[in-house]
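These are my notebook entries from a session spent looking up features of one protein model. I set them down in the order in which I consulted them.

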Amino acid sequence: MTDTLHTPPPTAAAHHRHPFIRDPGRWEKERSHAVRTGHVHDDTCSAVCQPVLVHERTSCGWLAWTVPADGTLPELPQQIGVLTPGATLPQRLALRWLTRRPAQRIALHTVPGSLRFSAAAVALVSLVVGLFAMRHGVPVDVALPAMLLAPLLAEHLPGRLDVRAREHVRSVEGDGAVRYLQRLAALHTSLVQAAAGSDHYELRRSAEVGHTVLWDAADMLQTHDTRSASASLIGRERLMLQLADQVAQIIERSATEDGAADADQMREPGWPLGPYPPGVRPTTPRPTPSTPPLKGTVLMPQPESSPAVHTQDVYLLFAHEPYYPGPGTQEINTTVVAADSLLHPQVLQPDGTQIHDLLTQGRHPGEIIPLSTLTHELNGGADWPTVGDWEHVTTDLVRLVRSGDCDALSLGLPEIARALVCTGPHSHVRAFDAAADEFIVYGAAERAAVLAEIDVFLAGLVAEQGLWPGDGLLTPLVRRV
């Protein structure tokens, strides 16, 4: 499936291309320590080699780099770890625990295996302390078990803590999986940096959604290879690109507004600083005609532009009155159909044909266009009468789907998700959170996330066979040059 995407911020490509991009001195320090204390990565390494790893902590996890013996900078991490979204303080401490420097071990020549240097040190200290305690009247049956238990805990307790800490982390290895997650991590870092210190709710929310996308991708790559999970992975990468593009637009818009505010301030000394006070969320979006569109928001061609050809494999997404396909089934309240289903003779005509013409002009193959996007393009719905009766047409489409006269993706979306696809690309949905006693604002980022999830489902559905639009279709409109 394809989508309306824009070029991600140029700085995103530089993130995580090499270790410690923002602090080169840290890499030299870690590399020197690895050369002195561990096995570095060279041509003699085999599959069973365990070269020392240098962990670079990020805002949502870590990147583990090998240290090349030739002194060059590695370009691909050996491992990437992602911390669970919304992590608590103990979970973040678990991340720091997992990214600690590897323990130094002492080889035991008489028996197979090795012993932690810390365990040997604890054994020596416990021996001295135990002898001192027994000399001062501590019973042997108390001191001796403590002397034996201390080094055992020092040897085995870190491994148990590792297991507990990894419950909150998803780690990925393997060149293909790591390369994919490295791209997502670079994009997410750009989102985090944009949100740092900002009072824009959209920026902070984009970083949160990006972390969830990264976690889902890491979780999937732990259990699937990149080939079997390609459709879902493509959907998540597309969503991350959309978030990065939206953040770039918000920053550009904010810079423009700040410049205008500065100019107004020069004219009116009493004008407040900044577009919004700290902690205040804008509840109504500002019109931004120059802002590039997000997913499913391609603007309608202007009359003076050259005629566009009809795009194939475009889909219409619309909400409708809920229904239940059968006893005990889930509610269906949203449907996706192939654009050509609008040409079905059982759909109100010529309204269906005219909506089909609008839907397929200037789109991208595989794009999902919500009905609300068409309303946005038609001057907020004011121009619908010149195109057709969309209510009658969508009612006919639901009837076609339920009678089996065309294929569709039938969805039971949650309340907020359904509300988002029913609003325009720049609208906001406000919901009251009774637990927090506050209103939560959902905007373009959440709408894009819903559309991306639908896109993933649709990609899996049409991978084997495309949606059948029905039989006896009418001829689409032909625009003359």
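The entries below go from the whole chain to single elements and then to side-chain pairs.

**Entry 1. Overall figures**

I note at the outset that the model is a predicted one. I looked up the secondary structure and recorded 12 helices and 12 strands. The protein has 481 residues, and 43% of them count as buried. For the accessible surface I wrote down about 25,800 Å², with 57% of that area belonging to carbon and sulfur atoms. I then turned to the contacts with a separation of 6 or more, and found that residues 24 or more positions apart account for 71% of them.

**Entry 2. Cysteines**

How many disulfides does the structure hold? I found 0. I also looked up two cysteines by their accessibility. Cys-60 has a relative accessible area of 5%, so I list Cys-60 as buried. Cys-406 comes to 4% and is therefore buried too.

**Entry 3. Strand 3 and its partners**

I next examined strand 3, residues 79-83. Of its 5 residues, 5 are buried, so the strand is largely enclosed by the rest of the structure. I checked the two directions in which its residues point: Gln-79, Gly-81 and Leu-83 go one way, Ile-80 and Val-82 go the other, and all are buried.

Which strands pair with strand 3? One is strand 2, residues 61-66, which runs antiparallel to strand 3 and is joined to it by 4 bridges. In this pairing I recorded Trp-62 with Gly-81 of strand 3 as its bridge partner. Another is strand 6, also paired with strand 3 in the antiparallel sense, over 5 bridges. Here Ile-80 stands opposite Val-172 of strand 6.

**Entry 4. Ser-171**

I followed strand 6, residues 169-173, to Ser-171, which is found in it. Is Ser-171 buried or partly exposed? Its relative accessibility is 22%, and buried requires under 20%, so I count Ser-171 as partly exposed. Leaving out residues up to four places away in sequence, I listed what Ser-171 touches: Trp-62, Gln-79, Ile-80, Gly-81, Arg-166 and Gln-222. I also looked up the distance from Ser-171 to Leu-83. The two are 88 residues apart in sequence, yet their C-alpha atoms are 8.8 Å apart in space.

**Entry 5. Helix 8**

I moved on to helix 8, residues 351-360. Since 9 of its 10 residues are buried, I describe this helix as largely enclosed by the rest of the structure. Among the buried residues I noted Asp-351, His-356 and Asp-357, together with Ile-355, Leu-358 and Leu-359. What do the buried residues of helix 8 pack against? I recorded strand 7 (315-323), strand 9 (368-370), helix 9 (371-377) and helix 10 (390-403). Just after the helix, I found Gly-362 with a positive phi of about 70°.

**Entry 6. Salt bridges**

I then looked up the salt bridges and obtained a count of 7. Arg-363 pairs with Glu-377, and their closest N and O atoms are 2.9 Å apart. Arg-363 lies in the loop between helix 8 and strand 9 and Glu-377 in helix 9, so the pair ties together parts 14 residues apart in sequence. I note that Arg-363 and Glu-377 are both buried.

Arg-170 and Asp-219 meet in another salt bridge, with 2.9 Å from N to O. This pair links distant parts of the chain, as Arg-170 is in strand 6 and Asp-219 in helix 6 (residues 201-223), 49 residues apart. At a relative accessible area of 33%, Asp-219 is partly exposed.

The salt bridge between Arg-164 and Glu-167 has its closest N and O atoms 3.9 Å apart. I recorded Arg-164 as exposed, at 55% relative accessibility, and Glu-167 as partly exposed, at 46%. I also found a network of salt bridges that links Arg-205, Glu-208 and Glu-446.

**Entry 7. Nonpolar surface patch**

My last search was for nonpolar surface. Which residues make the patch of about 430 Å²? I listed Leu-149, Leu-152, Leu-153, Leu-157 and Leu-161. I placed Leu-161 in helix 4, residues 140-165. Leu-161 is partly exposed, with a relative accessible area of 38%. An α-helix has 3.6 residues a turn, so residues three or four places apart point the same way.

Notes. Residues numbered from 1 in each chain as written. Predicted model: local features only at pLDDT ≥ 70, side-chain atom pairs only at ≥ 80, totals over all residues. Heavy atoms only, no water. Disulfide = S-S within 2.5 Å. Buried < 20%, exposed > 50% of the residue type's maximum accessible area, 1.4 Å probe, protein only. Contact = heavy atoms within 4.5 Å. Areas by Shrake-Rupley, 256 points an atom, 1.4 Å probe, with all protein chains shown as cover. Pairing = 2+ DSSP bridges. Patch = residues over 30% accessible without salt bridge, like charges linked within 9 Å, V, L, I, M, F, W, Y side chains within 5 Å. Salt bridge = Lys/Arg side-chain N within 4 Å of Asp/Glu carboxyl O.
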